[in-house]
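Welcome, and please load the model in your viewer. We will go from stop to stop, with a selection to make at each one.

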Amino acid sequence: MPELPEVETLRRYLEQTSLHQKINGFTTEDPKRQLALPPEELHEEIMGRQMVSTTRIGKHLLVALDNGKVISLHFGMTGDLHYYRIPEDAPRFERATFYFDSGFKLAFVDSRKFGRIGLWDSEEAYIKAKALGPDALEISADVLQKGLQKRKSPIKPVLLDQKLLAGIGNWLVDEILYQAGIHPETIAGELTSSQLQNLVNAMQEVLKTAIDKEAVYRELPATFLIHAREWDTSPHPEENTHKHCYRCQTEILKTTVGGRATYFCPSCQVK
Ligand SMILES: [Zn+2]
């Protein structure tokens, strides 16, 4: 599933390819599925307009038009973007296409079809409709502390709540808690101020590192827990050399917290 680092990579891709060109066409394969509004309505608002800027909030990409309207792109399980000119370069699973007067096209690619395109009066209208909290890359320790202080649930599911902060998915939360040295079942409201600061620092560090690697996870540093996650999908799990904690060599454990598969180091992340 495209998470914050993937969506940030897609945001930069769209910025580098598609801004400041007149939109002179738009098609969708299955408007009922891919669009959050009737196709005629979208058409009317975007024809002749230009994309002028982008914002990412969590896993959501917003593209502002020169008439003030905002296109929302949500990438579902498998969404992607592809910018191209000649038909030979058209991607597989192209579900929707913006046509520009330069002759180039921006394709919304989505093999599993859970992605959605919408149109909004403003960024604020979208954030309100989706009840999104602040972006995980932007949130401060103070704001996070206010969000956590009354929560009596384990920290892991709380951090997955997109109303508290937007953009953290399952592997990311495990990685952040591992880097911060916090057990995933620690009660959210009981984190000390130094744990909170570690959490915010780890969140920044993990997200920025993943964005720097353009979300190519095999290129993440060896100090990352993500490399230990792969053992249950590897055809030869016994050959995976990363199943021990990089720091202390303790065996990484897999458990379930808040109904989600959870990996952690029992000696670096003490309850
Ligand atoms: Zn460890």
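Donors here are N, O and S atoms within 2.8 Å of the metal. Keep in mind throughout that this is a predicted model.

**Stop 1: the zinc ion**

Select the zinc ion and look for its protein ligands. Which residues are the donors of the zinc ion? They are Cys245, Cys248, Cys265 and Cys268, each through SG, lying 2.3 Å from the ion. If you label the angles among the four donor atoms, you should find values of 102 to 113°, and the site is tetrahedral. For reference, the ideal angle for four tetrahedral donors is 109.5 degrees.

Now follow the chain through the site: the donors are spaced as C-x2-C-x16-C-x2-C. Distant parts of the chain are linked in this way, with Cys245 in the loop between α9 (226–229) and β9, and Cys268 23 residues away in the segment after β10. Colour Cys245 by accessibility, too: a relative accessible area of 1% is under the 20% cut-off, so Cys245 is buried.

**Stop 2: the hairpin**

Next, select residues 253–257 and 260–264, which are strands β9 and β10. The two strands pair in the antiparallel sense, over five bridges. Zoom in on Val257 and you will see Arg260 of β10 standing opposite. Two residues lie between the strands of this hairpin, and Gly258 in the turn has a positive phi of about 55°.

**Stop 3: helix α8**

Move to residues 193–212, helix α8. Does its length fit the ideal rise or depart from it? At 1.5 Å a residue, the 20 residues should span 28 Å, and the end C-alpha atoms are 28 Å apart, so the two agree.

Show the side chains next. The buried residues of α8 include Leu196, Leu199, Val200, Met203, Val206, Leu207 and Ile211. To see what covers the buried residues, display the neighbouring helices, among them α1 (4–18), α5 (141–148), α6 (155–159) and α7 (170–180).

**Stop 4: residues with positive phi**

A short reminder before you select anything: most residues other than glycine have a negative phi. Just after α8, Glu214 takes a positive phi of about 50°. Step on to Ala215, in the loop between α8 and α9. Ala215 is not a glycine, yet its phi is positive, at about 60°. Is Ala215 buried or exposed? With a relative accessible area of 13%, Ala215 is buried.

Then jump to Ala131, which sits in the loop between α4 (123–130) and α5. Ala131 has a positive phi of about 50° without being a glycine. Its relative accessible area of 32% makes Ala131 partly exposed.

**Stop 5: the four-stranded sheet**

For the last stop, display the open sheet whose strand order is β1-β6-β7-β5, with antiparallel pairing. At its edges are β1 (23–28) and β5 (79–84), each of which pairs on one side only. Ignoring direction, neighbouring strands of the sheet are turned by 15° against each other on average.

Pick out β5 together with β7 (residues 105–110): these strands pair in the antiparallel sense over six bridges. Within this pair, His82 stands opposite Ala107 of β7. Finally, bring back α1, which you displayed beside α8. This helix lies across β5, β6 (94–100) and β7, and runs at about 20° to β5.

Note on methods:
Residues are numbered from 1 along each chain as its sequence is written. This is a predicted model: local features need pLDDT of at least 70, side-chain atom pairs count only at pLDDT 80 or more; totals for chains, interfaces and linings use all residues. Side-chain values use heavy atoms; hydrogens and water are left out. Two strands pair if DSSP finds at least two bridges between them. The expected span of a helix is 1.5 Å times one less than its number of residues. Buried means under 20% relative accessible area, exposed over 50%, partly exposed in between (1.4 Å probe, protein chains only). Contact means heavy atoms within 4.5 Å. Donors are N, O and S atoms within 2.8 Å of the metal (3.2 Å for Na, K and Ca); water is not among the atoms, so sites may look incomplete. Four donors count as tetrahedral if all angles lie between 85 and 135 degrees; four count as square planar and six as octahedral if opposite donors are over 155 degrees apart and all others between 65 and 115; anything else is irregular. Axes are lines fitted to C-alpha atoms, for helices over the stretch in contact, and angles run from 0 to 180 degrees between N-to-C directions.
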